[in-house]
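User: I am new to reading structures, and I would like a close look at a single part of this one. Please take me through it slowly, and explain each term when it comes up.

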Amino acid sequence: YGVVAPDQREALFNFVRLQTSTRYGSAPVVFPGLDPTRKYSVERVRLPGEGPPVHGPGTKEISDVAAAPGSVLSRTGIRATPLRPDQAVVYHLRAVG
């Protein structure tokens, strides 16, 4: 779930893993409500007390993701950050340019 600023220049979204899955990985994280014509940077917000990252094959940190149009982020999304059960990640999106 998330919240988008009224002017659509910034947004915060939360992704939470509640339990393990029988399949590896997660569906992409999508960000509804963004302006489809703007480009956004996506930054992972580090949470206090956050444990070490869980890396899967070919996993990149969110900082490796370049800015993307709101139309792509709201429909296709980004690869979900690998998480263990009961972990969460917060994404901060900012309009660029």
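Analyst: **One strand and its surroundings**

Glu-43 has His-92 in β5 as its bridge partner. The model is a predicted one, in which local features need pLDDT of at least 70 and side-chain atom pairs count only at pLDDT 80 or more, while totals for chains, interfaces and linings use all residues. Residues are numbered from 1 along each chain as its sequence is written, and side-chain values use heavy atoms, with hydrogens and water left out.

Strands here are DSSP runs of E with at least two residues, and helices are runs of H or I with at least four, both numbered from the N terminus. Two strands are said to pair if DSSP finds at least two bridges between them. β3 and β5 run antiparallel and are joined by seven bridges, while β2 pairs with β5, also in the antiparallel sense, over eight bridges, and there Ala-11 stands opposite Leu-93 in β5.

Leu-93 also belongs to the largest nonpolar core, where Phe-31, Leu-73, Tyr-91 and Leu-93, of 17 residues, touch the most other members. Such a core is a set of buried Ala, Val, Leu, Ile, Met, Phe, Trp, Tyr and Cys residues joined through side-chain atoms within 4.5 Å, and buried means under 20% relative accessible area, exposed over 50% and partly exposed in between, with a 1.4 Å probe and protein chains only. β2 (10-17), β3 (39-45) and β5 (87-96) are the elements that give two or more residues to this core, and the largest share, four residues, comes from β5.
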